[in-house]
Each structure stands twice: as structure tokens, then as C-alpha cells.
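Here are my notes on the model you sent. Please keep the structure open while you read.

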Amino acid sequence: MNTILSLRPEHSAAIPPSVSIGAPANPAARHMAWVATGGAIALAASLPWWGESSWMREFVEIACYLIFAMMWNLLAGYGGMVSIGQQAFFGIGGYAMLALGNLAGVNPFIAVPLGAIAAGVIAVPVSWVAFRLQGGYFAIGTWVIAEVFRLSFANLSVVGGGSGTSLTALRGISKATREGITYWTALACVVASIALVYLFLRSKRGLALLAIRDSEVAAESQGIDVRGMKLAVYVVAAIGAALAGALYFLGNLRISPDAAFSVNWTAFAIFMVVIGGIGRIEGPIVGAIMFWTLNKLFSDYGTWYLLGLGLMAIIVTIFFKQGLWGWAQQRYGWTLFPTQRRLGK
């Protein structure tokens, strides 16, 4: 993985040493931010001891939306690879977790990261097909790949075929214990996903990814391993999507091909990223919270609810072209995760 992510050694100086990553921050303000973040995480981690079980289930749902949307944003918003087939890895993660738990006797909570890793391994040969396509053909091709996986799992009787199956590996574990560990797993995955994406984008490799998004030819002329970087981001996005899928079906306790490989997952991710702000770490966070809120308040309205989501997306793309967080950032200067570059003195 380090080889894949690295720039070519002979061109490692393509990014001048005078370019520093991120904006300078006031030490006191930065210290306060770290303290506030640590306090928020500690408070969230204590929820199973004082909160309602319904709160934990809702958080797990939000976590799945957030992680999936963040990985789509990394792939499309930062990498320039617009995919409408990321549900392929969402479903693979869910099925891998279930198969490891039900068939191999692996603890389902341990099977969550193992399923994500399995999806990352599968993403490598899948990329050989996907990367032969460009632009809109790449987007449609990823959708076709996801449909191939859906049909394949629908014909596997060992995991329930088309009707799906239940996660039986959690039998014998009390409901309170199961919900608490699932919640802590989801919280850890959210914190790790945000932190890793943030640190990556602040690195020189993150700068290289942005250069590839803007112009692959120009990036390659500066010594950036374009194909290796794109492959690395594709695999990381697949692992993140699979992690979200494994978490979702760990909490849901049942999986089926239509639920796991539905194109709605990518459609929802696109909605969240566009609403929040594509190409910004804060975008998927804002979008996921808004989507979950709208879903809880208006999902009972059926078709009108879906029409409302579409209308909201149209309004945001017309009047807030950089998303709601992008608009707030431009107007008020709000930045939770600064990744901008500045020239050193």
C-alpha cells in the first residue's frame, strides 16, 4: 500500500518544500479545539451507559450514511472519479461480514473490519475493468459492476439467495451488549474515517490527488504516479464503503441482495455530498445529518418525500453551487478541517 500511495522517488520533489500543508492556527485555539473534540468523543462513547437504545440505533444509521458519503466524496469530490456503483462494495462488506459470522464462526464485530478488507482486495481486480473507462462511461460501468455482484449474490443459496438471510452469529449475546458494542464500533469507525481522510488530504499525497483531479496530464508531467494514486483511492473508498455496509447490516441483522446492492445507496451519498458541499470534509457530515433528519421527519410521505429531496437538491445546486457548508465557509469563514495549502515564507 505504501508503494501504491507514494509518488515516484525520482520526482518526489515535484511538490516544492516551500509549500506547507494547512493554515497556521493559534496554539490556544488549536488546543481548545482538541480538548472540545476529545470531550465530545468521550461523551459520545459513554452513551450506552445513560442513553436510550433507540439513540444508539439511530447513531449507527447516521454513521453508515456518513462513512459511505465520505468515501464517495473522497473518490469523486477529491479524486475526480464519479462512480454510481459504490453500492457494490457496500453490499460486499455486508455479505462478507455475514458469511464470516454465520459460516466461518468469526465474531461478527471482528468480521466488520475483515469484511471491509475483503472488499478492498476485490476492488483491485475490479479496478482493472473500471479504469478502462473514462468520464460518464466510468460512472455507468461501475453501476454495471454493482449489478453483476447483485445478481451473483442473488444466486448463492449459501447466503440465502435472492431472499437474503439473517445474521445468526449474534445468538446468545444479549440485546444490550449487542447494541452497545455495535454503537462503539460505529463510533470508532466514524472517528477513524474522518481522521484518516483529513490526515491524507493534508499530506503531499492529498495534494497529488487534487492535482490528478484537476488535470491528469499535468499531474503526470510533474512526476505523480497517476494510475497508482487512483488505484489507492479507489481501494480505500471501497474499504470505507464496505465498512459502512458491514456496520449497517450488523445493526440491521438481516441482508438481501436488493437491499445491499441497491443503487439508492450511491444516490443518497451523492445527495448528501452535493447538499453539504462536494470536495469538503465537512460536506458529507452536514449532508448526512440533514439526510437523516429529513428521512425521519418526512419519509412517511412516500413519493412526495422523494420529490422533496430532488427539489432540494436542485435548489442547492442552483443557488448554493458549493453546497451549504461551502456557502457558509465563503460567507463566514467557517472551517472545521482546514486542508488548504499556503506558500511558506
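What share of the 345 residues in the protein chain is buried? Buried residues make up 44% of them. Please keep in mind throughout that this is a predicted model.

1. **Overall make-up.** The protein chain holds 16 helices and four strands. Contacts were also sorted by separation in sequence. Among those with a separation of 6 or more, 80% are between residues 24 or more positions apart.

2. **Aromatic pairs.** The chain has 22 aromatic pairs, counting rings of Phe, Tyr and Trp whose centres lie within 6.5 Å. One of them is Y65 with W265: the ring centres are 6.2 Å apart and the planes stand at 45 degrees, so this pair is tilted. Y65 belongs to helix α4 (residues 53–78) and W265 to helix α13 (residues 264–276). The pair thus links distant parts of the chain, 200 residues apart. Y65 has 7% relative accessibility and counts as buried. W265, at 10%, also counts as buried.

3. **A stacked pair.** How are the rings of F153 and F261 arranged, and why does the pair count as stacked? Their centres are 5.4 Å apart and their planes are at 25 degrees; planes under 30 degrees apart count as stacked, so this pair qualifies. F153 sits in helix α7 (residues 135–154), while F261 sits in the loop between α12 (257–260) and α13. The pair therefore ties together parts that are 108 residues apart in sequence. F153 counts as buried at 16% relative accessibility. F261 counts as buried at 1%.

4. **The ring cluster.** Y65 and W265 are also members of a cluster linked by ring pairs. The cluster further includes F68, F90, Y248, F249, F268, F271 and F291.

5. **A charge over a ring.** The ring of F131 has the charged end of K230 sitting over it. The distance to the ring centre is 5.5 Å.

6. **Helix α14.** Does the length of this helix agree or disagree with expectation? Helix α14 (residues 282–298) has 17 residues, which at 1.5 Å a residue should span 24 Å. Its end C-alpha atoms are 24 Å apart, so the two agree. The buried residues of α14 are E282, G283, P284, G287, A288, F291, L294 and N295. F291 is one of the residues in the ring cluster as well. In an α-helix, residues three or four places apart point the same way, because there are 3.6 residues a turn. The cover over the buried residues of α14 includes α4, α13, α15 (303–319) and α16 (323–332).

7. **Helix α16.** Its buried residues are G323, W325, G326 and A328. Their cover includes α13, α14 and α15. Just after α16, G333 takes a positive phi of about 75 degrees.

8. **G308 in α15.** G308 is located in helix α15. Is G308 buried or exposed? Neither: at 34% relative accessibility, G308 counts as partly exposed. G308 and F298 are ten residues apart in sequence, and their C-alpha atoms are 9.1 Å apart in space.

9. **The second largest pocket.** This pocket holds about 470 Å³ of space. Its lining comprises 18 residues, and M71, A192, L196, V197 and V236 lie nearest the centre. Which elements give two or more residues to this lining? They are α4, α8 (175–202) and α11 (226–252). The most comes from α8, with nine residues.

10. **L253.** This residue deserves a look at the backbone. L253 has a phi near 70 degrees, a positive value in a residue other than glycine. L253 is placed in the loop between α11 and β3 (254–255). At 26% relative accessibility, L253 counts as partly exposed.

11. **S256.** S256 lies in the loop between β3 and α12. At 17% relative accessibility, S256 falls under the 20% cut-off and so counts as buried. What does S256 touch, leaving aside residues up to four places away in sequence? S256 touches Y95, G162, S163 and G164.

Terms used: Residues numbered from 1 in each chain as written. Predicted model: local features only at pLDDT ≥ 70, side-chain atom pairs only at ≥ 80, totals over all residues. Heavy atoms only, no water. Phe/Tyr/Trp six-rings, centres within 6.5 Å; stacked < 30°, edge-to-face > 60°. Buried < 20%, exposed > 50% of the residue type's maximum accessible area, 1.4 Å probe, protein only. Lys NZ or Arg CZ within 6 Å of the ring centre and 35° of its normal. Expected span 1.5 Å × (residues − 1). Contact = heavy atoms within 4.5 Å. 1 Å grid on protein atoms, 1.4 Å probe; cavity = no way out; pocket = protein on both sides within 12 Å on 5 of 7 lines; lining within 4 Å. Points joined across faces, edges and corners; volume = space filled by probe spheres on them.
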